[in-house]
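Student: I've got a model open and I'd like to learn how to read it. Can we go through it feature by feature?

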Amino acid sequence: MAVKEKKVQPVTELLRSRTEPVRNYELVVIYRPELVKEKLDAGLDHIAKLVAEKGGSIASTEPWGKRKLAYPIKHQTEGIYFLVKFSAVSSLTKKINNDLRLSEDVLRHLIICPGK
């Protein structure tokens, strides 16, 4: 009696063929208050470039302006706020979090998925 052999794909092939869903995200970034417009634009362009590289798109970027912080962060009492709405795959959020965490110009940031 012949036994049928199952064709088993390696795990790496399965992971490579998996597609991630595209979701909508909102990112709030608080920059240092003493930054000039060129540095702020460069930071926002960096975020836009990261999103575009992964096939996502920026829906809008809203400057909220300079606001007083609820408590001091890195010896700062004010910050320049921006809201960035974008759509991308979920793996991109980890890359954006890492980049913003390492940036000395960013006081705080938060990415949320408003649909959840």
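**Reading the sheet**

Tutor: Sure. Start with one pair of residues facing each other: Tyr31 stands opposite Ile80 in β3. Keep in mind that this is a predicted model.

Student: Which strands does that pairing belong to, and how many bridges join β1 to β3?

Tutor: The general idea is that strands of a sheet pair through backbone hydrogen bonds, in either a parallel or an antiparallel way. In this case, β1 and β3 run antiparallel and are joined by 10 bridges.

Student: What about β1 and β4: over how many bridges do they pair?

Tutor: Strand β1, residues 22-31, pairs with β4 over 6 bridges, again in the antiparallel sense. You can check the register at two points: Glu26 has Ile112 of β4 as its bridge partner, and Ile30 sits opposite Arg108 in β4.

Student: What order do the strands of the sheet come in?

Tutor: Read across, the order is β2-β3-β1-β4, an open sheet of 4 strands with antiparallel pairing. The edges are β2 (57-73) and β4 (106-112); each has a single partner strand, so one side of each lacks a neighbour in the sheet. From one strand to the next, the twist averages 20°.

Student: Which strands does helix α3 touch?

Tutor: Helix α3, residues 91-102, packs on the sheet and touches β1, β3 (76-89) and β4. Its direction makes about 170° with that of β4.

**Helix against helix**

Student: How do I read the packing of α2 and α3, and at what angle do they pack?

Tutor: Look at angle, axis distance and handedness. Helix α2 (residues 37-53) and α3 pack at about 155°, with axes 10 Å apart. Angles over 145 degrees count as roughly antiparallel, and therefore α2 and α3 are roughly antiparallel to each other. Their crossing is right-handed.

Student: Which residues meet there?

Tutor: From α2, you have His46, Ile47, Leu50 and Val51; they meet Leu92, Lys95, Ile96, Asp99 and Leu100 in α3. The residues of this contact divide into 6 nonpolar, 1 polar and 2 charged.

**Rings**

Student: How many aromatic pairs does the count come to?

Tutor: It comes to 3 aromatic pairs. Tyr25 and Phe86 form a stacked one, with 5.6 Å centre to centre and 25° between the planes. Tyr25 lies in strand β1 and Phe86 in strand β3, so this pair ties together parts 61 residues apart in sequence.

Conventions. Residues are numbered from 1 along each chain as its sequence is written. This is a predicted model: local features need pLDDT of at least 70, side-chain atom pairs count only at pLDDT 80 or more; totals for chains, interfaces and linings use all residues. Side-chain values use heavy atoms; hydrogens and water are left out. Two strands pair if DSSP finds at least two bridges between them. Axes are lines fitted to C-alpha atoms, for helices over the stretch in contact, and angles run from 0 to 180 degrees between N-to-C directions. Contact means heavy atoms within 4.5 Å. Angles under 35 degrees count as roughly parallel, over 145 as roughly antiparallel, 65 to 115 as roughly perpendicular and the rest as oblique. A crossing is left-handed if the near helix is turned anticlockwise from the far one by less than a right angle, and right-handed if clockwise. Ala, Val, Leu, Ile, Met, Phe, Trp, Tyr, Cys and Pro count as nonpolar, Asp, Glu, Lys and Arg as charged, and the others, Gly among them, as polar. Rings of Phe, Tyr and Trp (its six-membered ring) pair if their centres lie within 6.5 Å; planes under 30 degrees apart count as stacked, over 60 as edge-to-face and the rest as tilted.
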